[in-house]
Amino acid sequence: MKGWTSFGTILVDQFGVSQELIDRALERQAAEGGRLDDLLLATGEVERDTLRAALARQLNLNWLDSLPEPKGIADLLELLPITYLRDNRVFPVERDNGRLLLAMANPNDGWPVNDLVALTGDQVEICLAPEEEIQRAINQAYEQREGHADELAPDIGGDSDGRLEPADLLDTSDEAPVIRFVNGLLTKACRERASDIHIEPFETELVVRQRIDGILYEIVRPPRQAHPAIVSRLKIMAGLDIAEKRLPQDGRFRVRIAGRDVDIRLSTLPTAFGERLVLRLLEQGAGVLDLADLGMAAGLRDRVEKLIRQPHGILLVTGPTGSGKTTTLYAALSRLNSRDRNIITVEDPIEYQLDGVGQIQVNPKIDLTFANGLRSILRQDPDIIMVGEIRDRETAEIAIQAALTGHMVFSTLHTNDAAGALTRLVEMGVEPFLAASSIVAVLAQRLVRRLCPECREAYQPDETLKKELGLETAKDASLYRAVGCDACLGIGYRGRTGIYELLVLDDEVRELLMQGKDAVGIASSAMERGMRPLRADGIDKALAGETSIEEVLRVTREEASQG
């Protein structure tokens, strides 16, 4: 055929594949049969996308490395199950006036084209794209379709039918309104990086909120009469007793949303107007952060690295609930995890699985408390121990004994600052000399929201604010404010980072602790010798444009008022 260029020639001339490799594949094809692209792929020397792009050139089809935003396909997606598109590796990119542009991973498969011609009556044009890009476009399109919980709310009616959850929420074709509403709610939360969903009944209304980067936002108000059906649906998914409405219940379930595994913990609480539900979402594929990803300044991170490698002692991480304490401890354990160390944890709950680490789940129903779990750990010849939280004197004393007998112990406390952790232990009944001799350092932390880099806006602070922040001498100091754009869902912030305060127990701090000095006195002494408080670390991040000064003041206001 005039103008026809062979597949092998295109690969050599336009994609840099060696002629020798083509010749070997052709010899094998002549001897064994088969498709040339399959034989080349089997060599491992040519990428699948390279072969597909070359095939597109040969067939005179467009090759799209990335697919554009789809246009005019909403009605078609209502007709096509997601499983059909996934199995056939096709995606409708654009539909307009009887023309349908279809992205395909395999142009040799004619069945999807025939199907869509029969279904729509459109003229189908083909383009080729990487299989991974087609799957991404499929997931994104169905996420958006399923994620509008507010649009589903008016349709919610009777009770759930209680069928088991499908492998992927986006695969469900169930038309029960309550099931579609719950699936849409979970999909929306996952897409918008929410950590929690709150379902809150009141006398005349039902409010659903989700927490993004530590802040709660209202997202929808379903009809009040839908509350029992929503509760029943979620209880069934979590394996809870749907008939028990007078007592709190806790459960968990796992779903797949757009190919991502999400572990969801459900807590119910009876209130005057019905059961209040809170769902905590943990994406299993997210993995454990490294110390370098936590937002610590380089100097502070180096000091923490040295402290966690001490042969024995206690490192405490302090802060209120939701301040990232457990994440920091996981990052430390991940850095220390190796075959020559025996690491065991006792946690409530186990938030992430750590390969090579023995993790114990607290279970008060069988008297497996932090203290009892810690006692058992000590009989397992550990090198490093993590105790999820020190809640009482018994746990504190066992942790101290473990540190004094040659173990490195990590744990958390709920205190506002680093110095407060020392006095809190004394208030629990721990002898000051034991605390002073076993604790090596206390790291206090908070989480502040990161400004969206796409839309943050610089400004010059006024003199009053400069004075309050101690920036009188910094004439050209710039701060940044949140604006809001599509990338950050109009919030102005995207993600979070930590601010830190590290108190290392030197001889002077130990002496003050044994003298019974309060937290303010210990903190003042430490700052005189170089300890940087939480607010100072936050101001540095605000000046660097990582966060806003409003965020820093929001999370450090309580400490400042106490100091």
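Start at the second largest cavity of this predicted model, which encloses about 40 Å³ of space. To bring up its walls, select Leu-291, Val-304, Ile-308, Leu-315, Val-317, Thr-328, Leu-329, Ala-332 and Leu-443, the residues that line the second largest cavity. If you then colour by secondary structure, you will see that helix H12 (298–308), strand E11 (313–318) and helix H13 each give at least two residues to this lining, and that H13 provides the largest share, three residues. The structure as a whole holds two cavities of 30 Å³ or more. Such spaces can be found because rolling a probe the size of a water molecule over the atoms shows where empty space is left.

Now zoom out to take in the whole protein. Its C-alpha atoms fill a box of roughly 95 × 65 × 60 Å along the principal axes, and its secondary structure comes to 22 helices and 19 strands. Of the 563 residues, 47% count as buried. Among the contacts with a separation of 6 or more, 62% are made by residues 24 or more positions apart.

Return to helix H13 and look for aromatic rings. How many aromatic pairs does a search of the whole structure find? The search finds one, and to see it you should select Tyr-330 and Tyr-352, whose rings are arranged edge-to-face, with 5.9 Å from centre to centre and 85° between the planes. Tyr-330 lies in helix H13 (residues 325–336), while Tyr-352 lies in the loop between strand E12 (343–347) and strand E13 (358–361), so that the pair links distant parts of the chain, 22 residues apart. Tyr-330 counts as buried because its relative accessible area is 1%, which is under the 20% cut-off.

Stay with the loop between E12 and E13, and select Pro-349, which is also found there. The peptide bond that runs from Asp-348 to Pro-349 is cis, with omega near 0°. As background, most peptide bonds are trans, and most residues other than glycine have a negative phi.

Two residues to visit next go against the second of those tendencies. Select Asn-60, in the loop between helix H4 (48–58) and strand E1 (62–63), where phi is near 60°, a positive value in a residue other than glycine. Asn-60 counts as exposed, at 71% relative accessibility. Then move to Asp-381, in the loop between helix H14 (370–378) and strand E14 (384–387), where phi is near 55°, again a positive value in a residue other than glycine. Asp-381 is exposed, with a relative accessible area of 62%.

From these loops, go to strand E15 (residues 408–413) and select Val-409. Is Val-409 buried or exposed? Val-409 is buried, with a relative accessible area of 0%. Leaving aside neighbours within four places in sequence, Val-409 is in contact with Gly-313, Ile-314, Leu-315, Ile-385, Val-387, Ala-399, Ala-402 and Ala-403; Leu-315 is also one of the residues that line the second largest cavity. If you draw a distance from the C-alpha atom of Val-409 to that of His-312, you should read 7.3 Å, although the two residues are 97 apart along the chain.

A similar distance can be drawn in helix H11 (residues 227–238), where you will find Arg-233. Arg-233 is buried, with a relative accessible area of 2%, and its C-alpha atom lies 7.1 Å from that of Ile-179, which is 54 residues away in sequence.

Next, select Ser-548, in the loop between helix H21 (534–543) and helix H22 (549–562). Ser-548 counts as buried, at 0% relative accessibility, and beyond its neighbours within four places in sequence it touches Leu-451, Tyr-480, Tyr-493 and Ala-542. Both of the tyrosines in that list repay a separate look. The charged end of Arg-449 sits over the ring of Tyr-493, 4.0 Å from the ring centre, and Arg-456 lies over the face of Tyr-480, at 5.1 Å from the ring centre.

For the last stop, select the cysteines. How many disulfides does the structure hold? It holds zero, and Cys-485 shows this in detail, since the nearest cysteine sulfur, that of Cys-455, is 3.6 Å away, whereas a disulfide needs sulfur atoms within 2.5 Å. Cys-485 counts as partly exposed, at 21% relative accessibility, while Cys-127 is buried, with a relative accessible area of 2%.

How values were computed
Residues are numbered from 1 along each chain as its sequence is written. This is a predicted model: local features need pLDDT of at least 70, side-chain atom pairs count only at pLDDT 80 or more; totals for chains, interfaces and linings use all residues. Side-chain values use heavy atoms; hydrogens and water are left out. Rings of Phe, Tyr and Trp (its six-membered ring) pair if their centres lie within 6.5 Å; planes under 30 degrees apart count as stacked, over 60 as edge-to-face and the rest as tilted. Helices (H or I, at least four residues) and strands (E, at least two) are DSSP runs, numbered from the N terminus. Buried means under 20% relative accessible area, exposed over 50%, partly exposed in between (1.4 Å probe, protein chains only). A charge sits over a ring if NZ of Lys or CZ of Arg is within 6 Å of the ring centre and within 35 degrees of the ring normal. Contact means heavy atoms within 4.5 Å. On a 1 Å grid over the protein atoms alone, a cavity is a set of points where a 1.4 Å probe fits but cannot get out, and a pocket is an open set with protein on both sides within 12 Å along at least five of seven lines; lining residues have an atom within 4 Å of a point. Grid points are joined across faces, edges and corners, and a volume is the space filled by probe spheres set on the points.
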